[in-house]
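This report covers the contacts between protein and RNA, then the cysteines.

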Amino acid sequence: MRSHGCGDLRSADAGRSVQLCGWVDRRRDHGGVIFIDLRDRSGTIQVTVDPDRGDGAFAAAEQLRSEYVLQIQGTVRQRPSDSLNERLATGEIEVLAETITVLNTVKRTLPFAVSVHDDENVREELRLRHRYLDLRRERMNGNLRLRHKTIQTARHFLEAEGFIEVETPVLTRSTPEGARDYLVPSRVNGGEWFALPQSPQLFKQLLMVGGLERYYQVARCFRDEDLRADRQPEFTQLDMEMSFTTQEQILALNEGLIAAIWKAVKGIELPRPFPRLTWAEAMERYGTDRPDTRYGLELVNVSDIVATSGFKVFSGAVASGGAVKVIAIPGGNDALSNVRIKPGGDVFSEATTAGAGGLAFIRVREGGEIDTIGAIKDNLSETGKAELLRRTGAVPGTLLLFGAGDTATVNKALDRVRQSLAKELGLVAEGRANDAWNFLWVVDFPMFEFNAGEHRLEALHHPFCAPNTDDLGADPAAWAERLPGARAQAYDLVLNGLELGGGSLRIHDSALQRQVLQTIGLPLEEAERQFGFLIEALDLGAPPHGGLAFGMDRIVMLLAGEDSIRDTIAFPKTQQARCLLTGAPAGVATGQLEELHVASTWVDPQ
RNA sequence: GGGACUGUAGUUCAACCGGUUAGAGCACCGCCCUGUCACGGCGGAAGUUGCGGGUUCGAAUCCCGUCAGUCCCGCCA
């Protein structure tokens, strides 16, 4: 149907007879000569229609409208020297049309402009309802190609490293822990259900037991939880697992993978190795396990200084096992008014939204004088004050914001405050202009986390992470006691405050696996029932193994400079988990339900 | 489940403290135009102000409800 891509032609092609296909991006009708910008995925080129030449081409050109689909037979020629378009890659030439075939027309009003010249922000609802048109536009077209390039680079890299791509089931069994499952009723086995995988975690471990040694997959994952800008009910992981390897080898290999992607997509050589923080250090200095290290504003622990203070908010927090921490904001005295950091203020609200009781502050004045409420000032000794200023690096003009309470809440509150202030103070470049890529490995996560609501330990990553061998000790009899406080051989890759992926070495010893499952409150019989197949596999010659999974949607989002992963997915769902294009989810015929042995209890509120 | 924001012509936006005929750019339609490239000129059409109710002499504007989209909390790794 065509001999060339519109965007591929150059001056060297002058004189060549070509056939092009594409969409009318724009038409300029001069009454005599008519210009058509013809667009296909390779780019656009100007097609010129001369009234004196071509067989019926001019009559056809007069009827053309935006987004008509054309096939054009013509000849490439140099443009007149005074009519070059430097902004167009094909701007030195044009195609003189001889025949115009209209392959399809536009029969109803376009919901929004598709042209490359129209970059108006269209309401997302409309974009999603007519996603095929949105995909025709430069932005989404580019994002999908960027996504393709990212995944292709990963495939080539892993291929060269000896990885084998294996597909794992989408219909699998539901397991406890983690997110809510999407369920699929079994017609053949009435009353029983498949679950869509939250990740291929167990299958990739079984592939290691299966002797694949190096596996990867571009895997679709499903989680039935509420959506966010960076969370969709179905999303894509670059999933991998390897045998006979150490954590160091896994991290090094993945740094290579990420560097290859950034090189291919952005042309950037990332400095390696990536910096590392232990989980404990990240929590202490940033209050989060995925710190944005593009800027400072670190949290400073001053619990020891105020432990004996007469100010009960501080000393009480320390006495009950919590902490008092500070963010020092250079120039904060001028930047942040009292109204904003006192009750009702936006900065105050950031802290209280995270569960903090409040946000104490000290303004540091000339000569090291401090300006704050009496209860704090009167209860701070001269040496205490000196140490506070020294440790926070405070100078005149610095604003100190305090979080006091149980450590988790303090961390959470100050993390929020830190992030919002960084944005406001211009410490991070917003949007597409962002060219700082601060990768960070967070290592040595704890195995477990206490769930206060359910009053039990939960696996921080998942219950198949191998514990740190030093923390565990050599004596299996002591495992039950030592496991709850042990660190895991687990790691996350963080970029500019977003978690890109994570993984761990896995347990390959069945006894240890049973012990871990019991630690999270799964009785032995239940563990066998749910995970017996894994435990059995571990007993049949499972090699030491470990791996990692990246969130591809997020990686592409960051590479594309987008704020939502919806802009990296061809057909995403809305926050209400609907597809505006197809209308899914939708009702089904009652016969379908009967066949599946399913009855709906849904009652329409109307 | 909760909080916040948004919804006006095909589209992107405007419309002051509630005020009489709801405006503009682009797109669209018609006419003109042989070198434009976001072509240009003249003219035109286009509105259930998301939907329902209420307050008022009068509602795009205020109130209640509802639907949809977005951001966030909870949830989720």
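## Polar contacts with the RNA

A polar contact is a pair of N or O atoms within 3.5 Å; within protein, one must be able to donate a hydrogen and the other to accept it, and residues adjacent in sequence count only if both atoms are side-chain atoms. A polar side-chain atom of Arg79 is 2.4 Å from a base nitrogen of RNA strand B. Two phosphate contacts can be added: a polar side-chain atom of Arg65 is 2.8 Å from a phosphate oxygen of RNA strand B, and a backbone N or O atom of Arg123 is 2.6 Å from a phosphate oxygen of that strand.

This is a predicted model, in which local features need pLDDT of at least 70 and side-chain atom pairs count only at pLDDT 80 or more, while totals for chains, interfaces and linings use all residues. Side-chain values use heavy atoms, with hydrogens and water left out.

## Surface around the RNA

A residue is near the strand if one of its heavy atoms lies within 4 Å of it. RNA strand B has 49 residues around it, of which Arg79, Ser83, Arg87, Glu225 and Asp226 come nearest. Of the atoms of RNA strand B within 4 Å of the protein, 55% belong to sugar and phosphate.

## Cysteines

The whole structure contains 0 disulfides (pairs of cysteine sulfur atoms within 2.5 Å). For Cys21, the nearest cysteine sulfur is that of Cys6, 8.1 Å away. Cys21 counts as buried (under 20% relative accessible area, 1.4 Å probe, protein chains only; exposed is over 50%, partly exposed in between), because its relative accessibility is 9%.

For Cys221, the nearest cysteine sulfur is that of Cys465, 16 Å away. Cys221 is buried, at a relative accessible area of 0%.

Conventions:
Residues are numbered from 1 along each chain as its sequence is written. Chains are lettered from A and ligands numbered from 1 in the order in which they are written.
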